[in-house]
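Please open the structure in your viewer and keep the selection tool at hand. This tour proceeds from one selection to the next and states what may be found at each stop.

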Amino acid sequence: MVFKEGDTPWRRARPDIAALLKADLYREGIDGEAVDWACQRMLARPERRRILLVVSDGCPMDTATSLANDEFYLAQHLKQVVARREAQGAVEICGLGLGLDLGAYYSRSLATTLPASLNNELFSEIAQLIGGRSRR
């Protein structure tokens, strides 16, 4: 799901971004294919700095893929895609884990809980995660 296109002003995208707080929207998890697709879209943009913020509440999940492969297939694929994209350096990838640590997948990540920590401190930490270029 794309919650804000690069050309969409923040004010106009607020209702779409607020959808991130609706738990019933998510049935499948972010996987390597989704990260790869998002990076490809970002590479088509003219900006010099491209940042992908992946918001996830769990490990990769796709029912059909899980039925056809072993239980670690999607997790391994996500790790491979993120490592490849990070090594290319054209897109900075950050993981925001809701209730879990995404450090196994993303070298730059932040773990938080919602709604308990939905405050200025959380937004400050997210800004630091996005703004920093160093690995965590």
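Which residue in S2 is the bridge partner of valine 54? Select valine 54 and look across to S2: the partner is glycine 95. Please bear in mind throughout that this is a predicted model.

**The sheet**

Extend the selection to S1 and to strand S2 (residues 92-98), which pair in the parallel sense over six bridges. Next, add S3 to the selection. The three strands form an open sheet in the order S1-S2-S3, with parallel pairing. Strand S1 (51-56) and strand S3 (109-112) stand at the edges; each has a single partner strand, so one side of each is left without a neighbour in the sheet. If direction is ignored, neighbouring strands of this sheet are turned by 15° against each other on average. In general, the strands of a sheet pair through backbone hydrogen bonds, either parallel or antiparallel.

Now select helix H5 (residues 120-131). Helix H5 lies across S1, S2 and S3, and it runs at about 165° to S3.

**The salt bridges**

The model has seven salt bridges; three of them are visited here.

Select glutamate 5 and arginine 41 and display their side chains, which meet in a salt bridge with an N to O distance of 2.7 Å. This pair links distant parts of the chain, 36 residues apart: glutamate 5 belongs to the segment before helix H1 (10-18), and arginine 41 to helix H2 (residues 32-43). Glutamate 5 is partly exposed, with a relative accessible area of 40%; arginine 41 is also partly exposed, at 33%.

Move next to arginine 85 and aspartate 36, whose side chains form a salt bridge at 2.7 Å, N to O. Arginine 85 lies in helix H4 (residues 73-88) and aspartate 36 in helix H2, so the pair ties together parts that are 49 residues apart in sequence. Is arginine 85 buried or exposed? Arginine 85 has a relative accessible area of 6%, and it counts as buried because that value is under 20%. Aspartate 36, at 21% relative accessibility, counts as partly exposed.

Finally, select arginine 45 and glutamate 47. Their side chains meet in a salt bridge of 2.9 Å, N to O. Add Asp7 to the selection: salt bridges that share partners join Asp7, Arg45 and Glu47 into one network. Arginine 45 is partly exposed at 23% relative accessibility, and glutamate 47 is partly exposed with a relative accessible area of 34%.

Methods: Residues are numbered from 1 along each chain as its sequence is written. This is a predicted model: local features need pLDDT of at least 70, side-chain atom pairs count only at pLDDT 80 or more; totals for chains, interfaces and linings use all residues. Side-chain values use heavy atoms; hydrogens and water are left out. A salt bridge is a side-chain nitrogen of Lys or Arg within 4 Å of a carboxyl oxygen of Asp or Glu. Helices (H or I, at least four residues) and strands (E, at least two) are DSSP runs, numbered from the N terminus. Buried means under 20% relative accessible area, exposed over 50%, partly exposed in between (1.4 Å probe, protein chains only). Two strands pair if DSSP finds at least two bridges between them. Axes are lines fitted to C-alpha atoms, for helices over the stretch in contact, and angles run from 0 to 180 degrees between N-to-C directions. Contact means heavy atoms within 4.5 Å.
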